[in-house]
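Trainee: I have a new structure open. Can you show me how to read its features, one at a time?

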Amino acid sequence: MAAKKKGAKPRKRCKEDKQQSSEDRQRRILEIRKRLVEERERLLQEAEAALNTLPEEGAAFPDMGDQATADLDRSFMLRLRGREQKLLKKIELAIEKIDNGTYGICEVCGCEIGIKRLEARPVTTMCIDCKTEQEEEEKLREV
Ligand SMILES: [Zn+2]
């Protein structure tokens with residue numbers, strides 16, 4: 001029983017509201033882009049601020065090779081910030097997609113992702129139908 005690899009099979013028709021190039025959608029995507037750029041700045045600044053506070057803490061141990069201590073703290077902080085780094089990557093990918101015109105298209109079915117969903121969750125790469133399906137499959141796998 002060869003289970004066909006699922007992926008881009010046209011299992012569902014895209015929602016009928018074909019507004020792909022509508023001005024409204026474009027305008028709202030540009031708003032999203034602005035928000036993404038701001039979010040990226042905020043994350044970068046936070047990460048930098050976190051790293052910059054470390055050497056001072058290390059200065060409490062002047063004789064114990066502060067550089068080594070600082071390096072240790074630094075790698076710890078970087079690991080701690082893995083979540084933010086992942087988000088940062090997603091944000092950068094989303095901005096890239098906006099710039100090359102592929103933003104807002106579901107990676108699984110190729111349908112347009114609803115603008116409201118994009119506004120609520122700008123880094124999403126799947127339409128709500130595919131996301132729901134994926135989550136259900138993950139649930140099944142976890143059992
Ligand atoms: Zn989809």
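Trainee: Where is the place of Ile-115?

Mentor: This is a predicted model. In it, Ile-115 sits in helix H5, which covers residues 115-120.

Trainee: Does Ile-115 count as buried, exposed or partly exposed?

Mentor: Count C-beta neighbours inside 10 Å. A buried residue needs 20 or more. Ile-115 has 19, so Ile-115 counts as partly exposed.

Trainee: Which residues is Ile-115 in contact with, leaving aside neighbours within four places in sequence?

Mentor: Arg-25 and Arg-28. Look at Gly-104 as well. Ile-115 and Gly-104 are eleven residues apart in sequence, and their C-alpha atoms are 7.7 Å apart.

Trainee: Next, how do I read exposure for Lys-34?

Mentor: Use the neighbour count again. Exposed means 12 or fewer. Lys-34 has 10 C-beta neighbours inside 10 Å, so Lys-34 counts as exposed. Lys-34 lies in helix H1. Its C-alpha is 9.1 Å from that of Ile-95, although 61 residues separate the two along the chain.

Trainee: Now the whole chain. How many helices and strands are there?

Mentor: Six helices and zero strands. Along the sequence the pattern reads α-α-α-α-α-α. Of the 143 residues, 10% count as buried.

Trainee: How do I check the length of a helix?

Mentor: Compare its end-to-end distance with the span expected at 1.5 Å a residue. Helix H4, residues 82-100, has 19 residues and reaches 27 Å from first C-alpha to last, close to the 27 Å expected. Just after H4, Gly-101 takes a positive phi of about 80°. Helix H6, residues 128-142, has 15 residues and should span 21 Å; its end C-alpha atoms are 21 Å apart, which agrees.

Trainee: Why does H6 lie largely in the open?

Mentor: Because the number of buried residues among its 15 is one.

Trainee: What makes up the largest nonpolar core?

Mentor: Look for buried nonpolar residues that join up. Here the largest such core has twelve residues, among them Ile-29, Leu-36, Ala-94, Tyr-103, Met-126 and Cys-130. Helix H1, residues 23-52, gives the largest share, three residues. Domain 1 (22-102) and domain 2 (104-143) both contribute, so the core lies between them.

Trainee: Take Cys-130. Which residues is Cys-130 in contact with, beyond its neighbours within four places in sequence?

Mentor: Cys-106, Val-108 and Cys-109. Cys-106 and Cys-109 are also members of that core.

Trainee: And contacts over the whole chain?

Mentor: Take those between residues at least 6 apart in sequence. Of these, 52% join residues at least 24 apart.

Note on methods:
Residues numbered from 1 in each chain as written. Predicted model: local features only at pLDDT ≥ 70, side-chain atom pairs only at ≥ 80, totals over all residues. Core = buried A, V, L, I, M, F, W, Y, C linked by C-beta atoms within 7 Å. Helix = DSSP H or I, 4+ residues; strand = E, 2+ residues; numbered from the N terminus. Domains from an automatic or database assignment. Contact = placed C-beta atoms within 7 Å. Expected span 1.5 Å × (residues − 1).
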